Amino acid sequence: MLRVRMTEETLATRYTEQEMRTPTHFGTGQEAVAVGVCSALDAGDMVYTHHRSHNHFIARGGSVYELAAELYGRIDGCSLGRGGSVHLTDRDKGFMVSSAILAETVATAVGTALAYAMDGEAKVAVCFFGEGTLDEGAFYEAINFASIRKLPVVFACENNLYATESPLSVRQAPGSDLCDRLRAFKVTSERVDGNDVAAVYDAAVRAVQQARSGGGPVFLECMTYRWREHVGPMFDHDAKRSYRDKAEFDAWVARDPVRRSATRLIEQGVATAAEVEVWAAETKAEIEATVERARQAPWPAVDTLFENA
Ligand SMILES: Cc1ncc(C[n+]2csc(CCOP(=O)(O)OP(=O)(O)O)c2C)c(N)n1
Ligand SMILES: [Mg+2]
């Protein structure tokens, strides 16, 4: 979780220098969902995700160097500098792709799960997405098909209460419940504290076990909150945006998943406060050096511009 947090914080800081020319959706505050779910997977499983993609890439074992190089448009990037933040890939690590088109990767994850089922492979496809994806028609086609075929797929929803600057309250009928929508399709559904990495991990282990053993898909609604603006490195209140209440923001920051995780380790005697501080400092230094190294990597050669099109 520290690696995920420090990577995102370092990239957000460097983003303001205007050298990364890719639209970027930062996932600060949502780390526990990525880490909890990815920790429950096997190496052979396959992850798909949406535009807020960095947490999942790093939690799946993706390289910080290749992520940073991708954001800088360099040849060493995971997509050879052509994709930017919303087109990450590392198939060998079990991370197929991120995509900014809402619900697109839900449908492709279901297709991957269908392939696993047809080939008799005991693998699971996982798709991360925001609650805004439940506003898309394609989502319901995909989950219905997965349910009918009992496909090995886990739908990991990061419900951070907002899609761009629209709260859930203006996008769904009063009293509407996302898990209930999935239950209408007979998909097993569970709401979980998405800022508690242990709770997410436990729920993900159950979900993956069900999917892998032929019990059908599972929907996890992970309640969480994004700290930064929808797209870009700023904080909404610094940017004078008022669509989110400052008190609401502060309440979620008080439930910082990384700090909660550290506190638990210290309380359980797994680590001392001093050790946690050393980990944080060492991780930060390592990542800052890695991001700077990526910034200095070469550009793709101009005559390769149309390769891999
Ligand atoms: C099909 C489609 N419609 C609209 C958009 C524009 N869009 C980009 S991000 C976004 C909001 C996404 O919200 P959510 O799914 O909750 O994810 P979050 O950004 O909160 O992580 C929208 C509407 C899009 N990318 N794709
Ligand atoms: Mg959202």
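Q: Why is Phe 128, in strand E3 of this predicted model, called buried or exposed?
A: Phe 128 is found in strand E3. Its relative accessibility is 0%, and buried means under 20%. Phe 128 therefore counts as buried.

Q: How do you know how far apart Phe 128 and Val 33 are in sequence and in space?
A: Phe 128 and Val 33 are separated by 95 residues in sequence. In space, their C-alpha atoms are 9.0 Å apart.

Q: Why is Phe 57 called buried or exposed?
A: Phe 57 has its place in helix H3, which covers residues 54-59. The cut-off for buried is under 20% relative accessible area; at 0%, Phe 57 therefore counts as buried. Phe 57 and Phe 95 are 38 residues apart in sequence, with a C-alpha to C-alpha distance of 6.8 Å.

Q: What makes the links from the side chain of Ser 98 to the backbone nitrogens of His 87 and Leu 88 polar contacts?
A: A polar contact requires a pair of N or O atoms within 3.5 Å. The side chain of Ser 98 reaches the backbone nitrogen of His 87 at 3.4 Å, and a polar atom of that side chain lies 2.8 Å from the backbone nitrogen of Leu 88. Both distances therefore meet the cut-off.

Q: Where is Ser 98 placed, and why is Ser 98 called buried or exposed?
A: Ser 98 is in strand E2, residues 95-98. With 0% relative accessibility set against the limit of under 20%, Ser 98 counts as buried.

Q: What makes Glu 131, Asn 160 and Tyr 162 donors of the magnesium ion (ligand 2)?
A: A donor is an N, O or S atom within 2.8 Å of a metal such as this one. The magnesium ion is coordinated by Glu 131 through OE, Asn 160 through OD1 and Tyr 162 through O, at 2.1 to 2.2 Å. These atoms therefore satisfy the criterion. Along the chain the donors follow the spacing E-x28-N-x1-Y. Glu 131 and Asn 160 link distant parts of the chain, 29 residues apart. Glu 131 lies in the loop between strand E3 (125-130) and helix H6 (137-148), and Asn 160 in the loop between strand E4 (153-159) and strand E5 (162-163).

Q: Why are Glu 131 and Asn 160 called buried or exposed?
A: The relative accessible area is 2% for Glu 131 and 6% for Asn 160. Buried means under 20%, so Glu 131 is buried and Asn 160 is buried.

Q: How do you know which protein atoms form polar contacts with ligand 1?
A: The test is a pair of N or O atoms within 3.5 Å. A backbone N or O atom of Leu 102 lies 3.2 Å from a nitrogen atom of ligand 1. A backbone N or O atom of Gly 132 is 2.9 Å from an oxygen atom of the ligand. An N or O atom in the side chain of Asn 160 is likewise 2.9 Å from an oxygen atom of ligand 1. Each of these pairs therefore passes the test. The protein covers 75% of the 590 Å² of accessible area that ligand 1 has on its own.

Q: Which residues come nearest to ligand 1, and which pocket does its space form?
A: Of the 16 residues around ligand 1, those that come nearest are His 51, Arg 52, Ala 100, Asn 160 and Tyr 162. The space taken by ligand 1 is the second largest pocket.

Q: What makes the phi values of Ala 103 and Lys 186 notable?
A: Most residues other than glycine have a negative phi. Phi of Ala 103 is near 80°, a positive value in a residue other than glycine. Phi of Lys 186 is near 60°, also positive in a residue other than glycine.

Q: Why are Ala 103 and Lys 186 called buried or exposed?
A: Ala 103 is in the loop between E2 and helix H5 (104-119). Its relative accessibility of 4% is set against the limit of under 20%, so Ala 103 counts as buried. Lys 186 lies in the loop between helix H7 (178-184) and strand E7 (188-193). Exposed means over 50%; at 70%, Lys 186 therefore counts as exposed.

Q: Why is Met 20 called buried or exposed?
A: Met 20 is in the loop between helix H1 (2-15) and helix H2 (31-38). At 1% relative accessibility, against a limit of under 20%, Met 20 counts as buried. Met 20 and Arg 295 are 275 residues apart in sequence and 9.0 Å apart in space, C-alpha to C-alpha.

Definitions and conventions: Residues numbered from 1 in each chain as written. Chains lettered and ligands numbered in written order. Heavy atoms only, no water. Donors = N, O, S within 2.8 Å, 3.2 Å for Na, K, Ca; no water. Helix = DSSP H or I, 4+ residues; strand = E, 2+ residues; numbered from the N terminus. Buried < 20%, exposed > 50% of the residue type's maximum accessible area, 1.4 Å probe, protein only. Near = heavy atom within 4 Å. Polar contact = N/O pair within 3.5 Å; in protein donor to acceptor, adjacent residues only side chain to side chain. Areas by Shrake-Rupley, 256 points an atom, 1.4 Å probe, with all protein chains shown as cover. 1 Å grid on protein atoms, 1.4 Å probe; cavity = no way out; pocket = protein on both sides within 12 Å on 5 of 7 lines; lining within 4 Å. Sits in = over half its atoms within 2 Å of the grid points.
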